[in-house]
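Me: I'd like to learn how to read a few features of a protein model, starting with burial and salt bridges. Can you walk me through them?

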Amino acid sequence: MTEENPSQAQPEQPEIPKKPRVKPKKDPRAKLYKPETPLILASSPHFHTRDTVPRIMWNVILALVPATVLAVVYFQWAAVGIILTSVSSALVAEMLVNRVKGEAFTIPDGSALITGLLLALTLPPSFSLGSTALGSFFAIIVGKHFFGGLGYNIFNPALLGRAFLQASFPVPMTTWTWPLTARYADVDGVTAATPLGLFKFEGISSELSGLLTGNISGSLGETSAIAILIGGLYLLIRKYADWRIPLSFLLATFLVSGVFWWISPESYPSPVFQLLSGGLMLGAFFMATDMVTSPVTALGAWIFGAGAGFILVIIRLFGGLPEGVMYSILLMNAFTPLINRYTRPKFFGEIRA
Amino acid sequence: MSSTISLKTEFVKGIWKENPVMASLLGLCPALAVTNAAMNGLAMGLATTFVLLSSSLMISALRNFIPHQVRIAGYIVIIATFVTVADRFLAAYLPVISASLGPYIPLIVVNCLILGRQEAFSSRNGIGRSLLDSLGMGLGFILVLVVLGIIREILGSGSIFGVAILGDWFTPWMIMILPPGAFLTLGILIALANWYNDTSRSKDGGVVS
Amino acid sequence: MSKMSLSTRMILVLTLITVLSGGILAGWDLVTKPKIAFHRLEALKTAIGDVLPAHDTYTSEETEFGTLYIATRDSSDDPIGFAFMAVGSGFQGELRIMVGLTPDMTQLTGIKVLEQIETPGLGTKIVVDPSNKQDPYWFPAQFVGIHVSPEIVAIKNVKPTHNNEVQGITGATISSIAVTNILNKQIADIQKAWASKGGPES
């Protein structure tokens with residue numbers, strides 16, 4: 001056939017070697033950091049603030065300093081070990097994924113560091129370092145990069161890492177020790193239930209002063225409400241977090257648990273106790289406010305926070321576990337695309353169909 | 001029925017290229033539910049292959065007699081018969097495995113892999129080809145279930161086929177023997193298989209067959 | 001065949017298929033039924049043997065709260081223990097527990113969880129705890145000799161000191177409490193049922 005019709009075969013032939021090979025895509029974000037080209041044609045918005053991804057991330061890390069310092073003060077070498085392991089494993093995992101995907105190294109943007117640090121702050125002080133590293137790897141590789149990397153992840157990577165550890169090692173994840181500075185420090189490494197666990201399974205309330213300063217048993221960075229508030233308020237004032245999310249989260253928790261407490265103060269803990277105990281403060285200020293996984297609209301932020309607060313109280317009061325901050329935020333993360341869709345602001349002049 | 005496809009192709013396609021779980025995502029319920037140990041995966045795979053083979057035999061033999069309008073009803077009755085046979089066989093001769101698989105053996109009836117092969121293949125092909133096709137598909141199914149079972153058992157219990165291989169230093173990842181571990185493992189396996197297929201295709205010069 | 005109307009053919013073919021299936025199943029049932037019944041009986045015998053002290057035979061008595069198995073020795077008619085199946089909800093699904101009682105029904109002689117779908121690695125410790133290498137059956141074993149009144153209590157973090165206390169499972173508080181709740185409720189029921197049938201000899 002081809003011998004008889006050389007004219008037909010010819011135009012097809014040179015095309016095959018010409019076919020451009022698909023190059024591995026470079027990280028589009030790399031452009032945003034160092035604009036090198038003199039002329040950029042782009043759609044709106046044309047006015048930018050000086051905020052960049054690294055700038056926001058490093059500010060979040062700054063805001064986490066008080067909670068981290070207190071974790072080290074209360075739990076000492078245990079905290080240092082877990083924090084260093086978690087952060088370094090997160091960085092290594094990020095580097096590995098960068099290498100496999102053939103993209104620019106994304107460690108300087110600080111997001112992997114935050115994930116590692118946040119994960120460390122949610123772990124119990126007696127947790128093993130090997131499992132900590134595993135959780136960090138899961139958070140970065142599955143939680144973040146399987147979904148496409150920073151900006152594409154549906155769920156907060158640190159919480160996903162924690163959820164993985166919770167499901168994998170349920171006993172170590174719920175074995176708590178008293179801070180070395182606490183009342184029972186004379187007994188080395190004695191296990192102790194968290195204030196929420198004490199209330200749920202034994203009906204014992206804890207003192208509020210301990211909840212405020214953090215001299216109680218619990219995860220590394222969640223014991224002191226004050227330290228988290230300082231960092232959280234810094235984020236809100238610098239506008240690196242949407243104030244509506246923590247406010248609505250805390251408000252919903254307070255109101256819903258208040259209703260139950262009002263109905264039966266003997267069987268349900270007081271709303272103040274609910275606000276200050278467990279990981280609520282850390283979750284509300286640092287995890288629920290994650291820009292990637294929370295709604296972008298103002299109304300959406302209210303819905304997101306309120307939903308998380310409602311789910312939290314339901315899990316704490318009626319679920320099998322004493323604590324539910326992680327699950328409440330992860331569940332609302334899943335709803336975020338839907339919330340964004342239904343709270344989309346109208347175009348100027350748009351008429352509802 | 002004459003066909004241009006070689007008998008070998010009919011047999012081999014089910015193992016990798018048209019693997020029921022990895023390529024067609026059929027039979028996911030048992031693939032996810034019973035693979036918390038390698039032995040359970042193997043038993044489920046064998047039971048499913050038995051049902052697949054015997055119903056293929058019967059349906060390809062009867063294919064010219066069953067009216068088109070009632071074919072699904074006919075297929076389901078035939079499949080259900082062999083599932084019951086397999087279920088009672090396990091209960092009578094292998095009670096331990098029967099207990100650990102629980103309700104998932106009767107649930108083979110609704111495994112879309114089986115009905116899918118009958119509708120797509122056995123009802124249109126002769127007995128020989130249908131059996132080869134079923135055997136290939138069954139082997140592909142067993143392969144995936146056993147691999148899933150082995151990965152989940154190693155990480156979730158530190159053993160393979162019930163034999164402990166990882167020492168005391170290893171803390172089992174409980175999540176791997178829970179449902180999320182099944183989804184994670186299967187998802188990663190499918191991603192790896194697609195990645196492998198993509199890279200080997202682009203080496204052939206970008207031609208997708 | 002082609003002369004037949006379509007609906008007649010459909011009826012005929014489906015009838016044939018069902019008759020064939022029924023035949024296969026009936027034949028297979030004849031082969032497997034005795035074997036399956038044998039395994040069931042063996043399982044029941046083993047379970048009763050596990051929760052009661054050595055006995056020669058047992059009889060079963062139907063009560064309004066299920067079957068009560070009365071174990072005796074050949075030498076005398078006096079029961080040496082009672083066993084029954086306690087059923088109730090655990091953390092995730094139904095628990096079926098074989099319970100052994102002393103003849104006066106005041107102490108447990110043993111329990112065995114036969115069916116459960118608790119969380120693997122946590123709630124499943126009510127059956128066997130692979131993480132405890134020395135004594136994997138520590139949880140069910142501690143019920144031997146436990147007094148059933150006023151009621152069995154699962155306690156946490158401290159060693160049991162009373163004869164009605166057992167140690168709960170760390171991380172599986174709900175499963176541990178589910179077991180004691182099921183026992184407390186159904187032992188009381190079975191005591192009532194037996195009392196109304198003539199009662200324990202006491």
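Reply: Sure. Start with burial: a residue counts as buried when its relative accessible area is under 20%. Keep in mind that this is a predicted model. With that cut-off, B:D133 and B:R117 are both buried.

Me: What do the side chains of B:D133 and B:R117 meet in?

Reply: A salt bridge, with N to O at 3.0 Å. For the general idea, look for a side-chain nitrogen of Lys or Arg within 4 Å of a carboxyl oxygen of Asp or Glu. Here B:D133 sits in helix α7 of chain B and B:R117 in helix α6 (residues 112-122) of chain B, so the pair links distant parts of the chain, 16 residues apart.

Me: Which other side chain does B:D133 meet in a salt bridge, the one at 2.7 Å?

Reply: That of B:K13, at 2.7 Å from N to O. B:K13 belongs to the loop between α1 and α2 (28-33) of chain B, and it is 120 residues apart from B:D133 in helix α7. Both B:D133 and B:K13 are buried.

Me: And which residue forms a salt bridge with B:R129?

Reply: B:E10, where the closest N and O atoms are 2.8 Å apart. B:R129 lies in helix α7 (residues 127-157) of chain B and B:E10 in helix α1 (residues 7-12) of chain B, so this salt bridge ties together parts that are 119 residues apart in sequence. B:R129 and B:E10 are buried too.

Me: How should I put these pairs together?

Reply: Follow the shared partners. Salt bridges that share partners join B:E10, B:K13, B:R117, B:R129 and B:D133 into one network. Over all chains, the structure holds 14 salt bridges.

Me: Now a single residue. Is B:S159 buried or exposed?

Reply: Buried, because its relative accessible area is 8%, and the cut-off is under 20%. B:S159 is placed in strand β1 (residues 159-160) of chain B. After burial, check the neighbours: leaving out residues up to four places away in sequence, B:S159 touches B:E153, B:I154, B:A164 and B:I165. With B:E153 there is also a polar contact, side chain to side chain, at 3.0 Å.

Me: Let's try an interface. How many residues of chain A are in contact with chain B?

Reply: Nine, and they meet eight residues of chain B. Then ask how much area is lost and on which atoms: chains A and B bury about 720 Å² between them, 81% of it on carbon and sulfur atoms. On the side of chain A that touches chain B, the elements giving two or more residues are α7 (129-145) and α8 (157-168) of chain A. By class, that side has eight nonpolar residues, one polar and no charged ones.

Me: How many salt bridges and polar contacts are there between chain A and chain B?

Reply: The salt-bridge count is zero. For polar contacts, the rule finds two residue pairs across the interface, both at pLDDT 80 or more.

Me: Last one, strands. Which way do β4 and β5 of chain C run?

Reply: Antiparallel, with six bridges joining β4 (residues 94-101) to β5 (residues 108-115). To read such a pairing, pick a residue and find its partner: for C:I97, the bridge partner in β5(C) is C:V113. Next, look at the connection: β4(C) and β5(C) form a hairpin with six residues between them. In the turn, C:M105 has a positive phi of about 60 degrees.

Note on methods:
Residues numbered from 1 in each chain as written. Chains lettered and ligands numbered in written order. Predicted model: local features only at pLDDT ≥ 70, side-chain atom pairs only at ≥ 80, totals over all residues. Heavy atoms only, no water. Contact = heavy atoms within 4.5 Å. Buried area = accessible area lost by both parts, 1.4 Å probe. Polar contact = N/O pair within 3.5 Å; in protein donor to acceptor, adjacent residues only side chain to side chain. Helix = DSSP H or I, 4+ residues; strand = E, 2+ residues; numbered from the N terminus. Nonpolar A, V, L, I, M, F, W, Y, C, P; charged D, E, K, R; others polar. Pairing = 2+ DSSP bridges. Buried < 20%, exposed > 50% of the residue type's maximum accessible area, 1.4 Å probe, protein only.
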